[in-house]
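Here's a walk through one protein model, written for someone who would rather look at side chains than at statistics. Keep the viewer open as you read.

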Amino acid sequence: MKLLQSSKFLLLILYLSATLARGDVGRAAYYSPPYIPTACNGIDPSQFPSNNLFAAAGEGIWDNGAACGRRYLVRCISATVFGTCKLGQTIQVTIVDRAYRAVSRPSSNDATIVLSTTAFENIARAAAWVNIEYVQV
């Protein structure tokens, strides 16, 4: 049974690695509370995942609001300071807002994805922005 569970876990890791290898490259910044109202669902608190892994879409992926609710796998691939990226960390975020219109300003302008502070801290250490690889799931 343990061998079967280990095999399933290994297959999942390989799938995620292969999926991200075909992803796009961009920049991630972060934003802090307040997060509402959002461009996607206004003041509805149920739009936020309970794990706080959510993001605001930059103009490149906003797609006239079609980005609302989309999910992306995101991982940090580089930063200006060596060691900023938390290697091997891939997160799944849900788009809940438009970065351009977010109540809280992003830590860096022109980001592809602006992550919640929780999401950003899961993939990187202190920085204004990082380079990411991302793919829609």
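What follows covers the nonpolar cores and then the salt bridges.

**The core**

Bear in mind that this is a predicted model. The largest nonpolar core has 24 residues, and the members touching the most others are Tyr72, Val74, Val93, Ile113, Leu115, Ile123 and Ile132. Which elements give two or more residues to this core? They are the strands β2 (54-57), β3 (71-78), β4 (90-98), β5 (113-116) and β6 (130-136), along with the helices α2 (59-62) and α3 (117-123). Another core lies apart from it, made of eleven residues, including Tyr31, Tyr35, Phe48 and Phe54.

Two of those well-connected residues are worth clicking on. Start with Val93: leaving aside residues up to four places away in sequence, Val93 touches Leu53, Phe54, Ala55, Arg70, Arg71, Tyr72, Val74, Leu115 and Ala119. So much for the first stop.

Next comes Leu115, which sits in strand β5. Is Leu115 buried or exposed? Its relative accessibility is 0%, and the cut-off for buried is under 20%, so Leu115 counts as buried. With the same sequence neighbours left out, Leu115 is in contact with Ala28, Ala29, Tyr30, Tyr31, Phe54, Ala55, Val93, Phe120 and Ile123. For Tyr30, the C-alpha atom is 4.5 Å from that of Leu115, although the two residues are 85 apart along the chain.

**The salt bridges**

Now for the charged side chains. Side chains of opposite charge can pair when their charged atoms come close. In this model the count is three salt bridges, listed here with their N to O distances.

| Arg | Acidic partner | N to O distance |
|---|---|---|
| Arg98 | Glu59 | 2.7 Å |
| Arg70 | Asp63 | 2.8 Å |
| Arg75 | Glu133 | 2.6 Å |

Take the pair of Arg98 and Glu59. Arg98 belongs to strand β4 and Glu59 to helix α2, so this bridge ties together parts 39 residues apart in sequence. Glu59 is partly exposed, at 43% relative accessible area.

In the bridge between Arg70 and Asp63, Asp63 is partly exposed too, with a relative accessible area of 43%. Arg70 also turns up among the contacts of Val93.

Finally, look at Glu133 and Arg75. This pair links distant parts of the chain, with Glu133 in strand β6 and Arg75 in strand β3, 58 residues apart. How accessible is each partner? Glu133 counts as buried at 9% relative accessibility, whereas Arg75 is partly exposed at 31% relative accessible area.

Key: Residues numbered from 1 in each chain as written. Predicted model: local features only at pLDDT ≥ 70, side-chain atom pairs only at ≥ 80, totals over all residues. Heavy atoms only, no water. Core = buried A, V, L, I, M, F, W, Y, C linked by side-chain atoms within 4.5 Å. Buried < 20%, exposed > 50% of the residue type's maximum accessible area, 1.4 Å probe, protein only. Helix = DSSP H or I, 4+ residues; strand = E, 2+ residues; numbered from the N terminus. Contact = heavy atoms within 4.5 Å. Salt bridge = Lys/Arg side-chain N within 4 Å of Asp/Glu carboxyl O.
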